[in-house]
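Okay, everyone, thanks for coming. Let's take a few minutes to look at one binding site together.

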Amino acid sequence: MSASGWALKPLPDMSEQQFLLWRDLLESRTGIFVSEQRKSYLQSSLMQRMRELHYDDYQAFYDYIINSPLGKIEWLQLVDCLTVQETRFFRDAAAFKYVASFIRERQLQFNKKNPLDIWSVGCSSGEEVYSLAMLSQEALKPFGKIDTYMVTGTDISVPVLNKARLGLYSQRRLSNLSEHYFKNYFTRVDADQVEVVAGIKYKTCFAQVNVLQLDKVAKTQRHIIYCQNLLIYFRRWRREEILNHLVERLSPGGLLLIGMGEMVDWHHSQLEQVKGHQITAYIKRAGHKNN
Ligand SMILES: C[S@@+](CC[C@H](N)C(=O)[O-])C[C@H]1O[C@@H](n2cnc3c(N)ncnc32)[C@H](O)[C@@H]1O
């Protein structure tokens, strides 16, 4: 059959048994839990990739992923289709406003030897990382300290990290950026695309990290850990486990920011919740260092 024939061919519905196999595989490898109500989401995401590879049987594709050596490589691509990657610049205005005030208040402690160290966990295509970098630059500029920060973005998806590293965006994706940010931090590439300026890219780095494997991540003490719109895809016990690992990687006095409602009624003995501000944030109490 021709390639266009494959693209048009309708794939059959997933059986209950196939749904459970795929659901368990996704959860064991990424932590993402797909409820019965979201079966059609899982099916359509899989279909997208199966069509590209000319598979028309969920079981055969599953066997390929599990048993074939090439399945390991394919998984890297497939995970990109199975994860929700929606993001945008300055997505949560209240959270970014709080981060800016947090940085300004603590600017005295940052210098070239001890730069402000920010980690965006589940950073998708980089908008969150570049927003944090631009915001840090703006917050530190009045103190002559634009060289004293760095932002690391991590995600499970290699293709999305490659996009993030490029820092190329359609101008439409910048619609909620102020004129100031647009003028100072982007250069035009063509009629539609703009690129993050080198001075900001230079302050960022991206790496693949699966949050199910945070125990393998060095306990570098970050000043800010920003983890939004990721925990919602996990079961509560897993969210708790991930947050506990993040707390171990937060410096005393550091800020942990998660999405509103992503972890209701959660307390940690080393953290104090930030009240007001319409955000879900915690400050790590002084005297707790994890080495
Ligand atoms: C909805 S996006 C959120 C992006 C950004 N944080 C924001 O709020 O705009 C969720 C991201 O989490 C990533 N992700 C999903 N499971 C993950 C895992 N187990 N480890 C690390 N990243 C994961 C996805 O690839 C996706 O890029």
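**Where the ligand sits**

So, the ligand fills the space of the largest pocket; sitting there means that more than half of its atoms lie within 2 Å of the pocket's grid points. A pocket here, on a 1 Å grid over the protein atoms alone, is an open set of points where a 1.4 Å probe fits, with protein on both sides within 12 Å along at least five of seven lines. Quick caveat: this is a predicted model, with local features needing pLDDT of at least 70, side-chain atom pairs counting only at pLDDT 80 or more, and totals for chains, interfaces and linings using all residues. Numbering runs from 1 along each chain as its sequence is written, and side-chain values use heavy atoms, leaving out hydrogens and water.

The volume of this pocket is about 410 Å³. Its lining has 27 residues, with V84, G122, D155, N229 and L230 nearest the centre; lining means an atom within 4 Å of a point.

Now the ligand itself: 20 residues surround it, and the closest are T30, T87, G122, D155 and N229. Surrounding means a heavy atom within 4 Å.

Polar contacts next, so N or O pairs within 3.5 Å. R91 puts a polar side-chain atom 2.8 Å from a ligand oxygen, and T83 has one 3.5 Å from a ligand oxygen. At G122, a polar backbone atom is 2.8 Å from a ligand nitrogen. The protein buries 99% of the 600 Å² that the ligand exposes when taken alone, by Shrake-Rupley with a 1.4 Å probe.

Conventions
Polar contact = N/O pair within 3.5 Å; in protein donor to acceptor, adjacent residues only side chain to side chain. Points joined across faces, edges and corners; volume = space filled by probe spheres on them.
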